[in-house]
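Work through the exercises below with the sequence and the 3D view at hand. Try each task before you read its solution.

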Amino acid sequence: QVQLVESGGGLVQAGGSLRLSCAASGRTFSNDVMGWFRQAPGKKRELVAAINPSGGSRSGDSTKYADSVKGRFTISRDNAKNTVYLQMNSLKPEDTAVYYCAADVNQIVVLRFPSAYDYWGQGTQVTVSS
């Protein structure tokens with residue numbers, strides 16, 4: 001059974017940091033694009049960051065970020081551990097949302113659309129207080 005399990009969410013004050021982890025099981029995700037999405041109440045699910053299978057080890061468009069998180073969030077992956085991370089710094093109240101990990105299977109091009117992703121985690125809540 002394929003599973004993506006997120007961890008690391010919680011409550012943090014504005015300006016603080018959190019590191020989200022997504023552990024994958026049931027198949028290897030080393031050939032997949034991995035992404036982090038978020039959804040706040042009443043809003044559409046949006047891409048936060050995504051990373052291609054090489055994880056930046058080769059040149060090209062290996063990562064994508066939402067404009068609102070550029071310079072604050074960093075996505076990375078450890079294919080040996082089948083895990084993807086999202087380091088979130090300088091958090092703002094508007095970052096409050098449920099954060100989801102997702103996999104776009106056998107894909108090398110990073111896409112922003114949730115409909116492109118095949119597997120999803122259950123989500124982890126991130127709450128940033130002002």
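The exercises cover aromatic pairs, charges over rings and a disulfide in a predicted model.

**Exercise 1. Classify the ring pair of F29 and Y119, then place both residues in the chain.**

Step 1. Start with the count: the structure holds 5 aromatic pairs.
Step 2. Take the geometry of F29 and Y119. The ring centres are 6.1 Å apart and the planes meet at 85°. Centres within 6.5 Å make a pair, and planes over 60 degrees apart make it edge-to-face. The pair is therefore edge-to-face.
Step 3. Locate the partners. F29 sits in the loop between β3 (18-25) and β4 (33-39), and Y119 in strand β10 (residues 119-120). They are 90 residues apart, so this pair links distant parts of the chain.
Step 4. Check accessibility. The relative accessible area of F29 is 2%. Buried means under 20%, so F29 is buried. Y119 has 30% and counts as partly exposed.

**Exercise 2. Do the same for Y100 and W120, and find the cluster they belong to.**

Step 1. Read the geometry. Y100 and W120 are 6.4 Å apart centre to centre, with 80° between the planes. This pair is edge-to-face.
Step 2. Place the residues. Y100 belongs to strand β9 (residues 97-104), and W120 to strand β10. The pair ties together parts that are 20 residues apart in sequence.
Step 3. Compare burial. Y100 has a relative accessible area of 14%, so Y100 is buried. W120, at 28%, is partly exposed.
Step 4. Widen the view. Y100 and W120 form one aromatic cluster with F37 and Y117.

**Exercise 3. Which charged residues sit over the rings of F29 and W120?**

Step 1. Look at F29. The charged end of R27 sits over this ring, 4.8 Å from its centre.
Step 2. Turn to W120. R45 lies over the face of W120, at 4.8 Å from the ring centre.

**Exercise 4. Find the disulfide, give its handedness and say whether its cysteines are buried or exposed.**

Step 1. Search the whole structure: 1 disulfide turns up.
Step 2. Name the partners. C22 is joined to C101, with an S to S distance of 2.1 Å.
Step 3. Read the torsion. The angle about the S-S bond is -80°, and the link of C22 and C101 is left-handed.
Step 4. Place the ends. C22 lies in strand β3 and C101 in strand β9. With their positions 79 residues apart, the pair links distant parts of the chain.
Step 5. Check burial. Both C22 and C101 are buried.

Conventions
Residues numbered from 1 in each chain as written. Predicted model: local features only at pLDDT ≥ 70, side-chain atom pairs only at ≥ 80, totals over all residues. Heavy atoms only, no water. Phe/Tyr/Trp six-rings, centres within 6.5 Å; stacked < 30°, edge-to-face > 60°. Helix = DSSP H or I, 4+ residues; strand = E, 2+ residues; numbered from the N terminus. Buried < 20%, exposed > 50% of the residue type's maximum accessible area, 1.4 Å probe, protein only. Lys NZ or Arg CZ within 6 Å of the ring centre and 35° of its normal. Disulfide = S-S within 2.5 Å.
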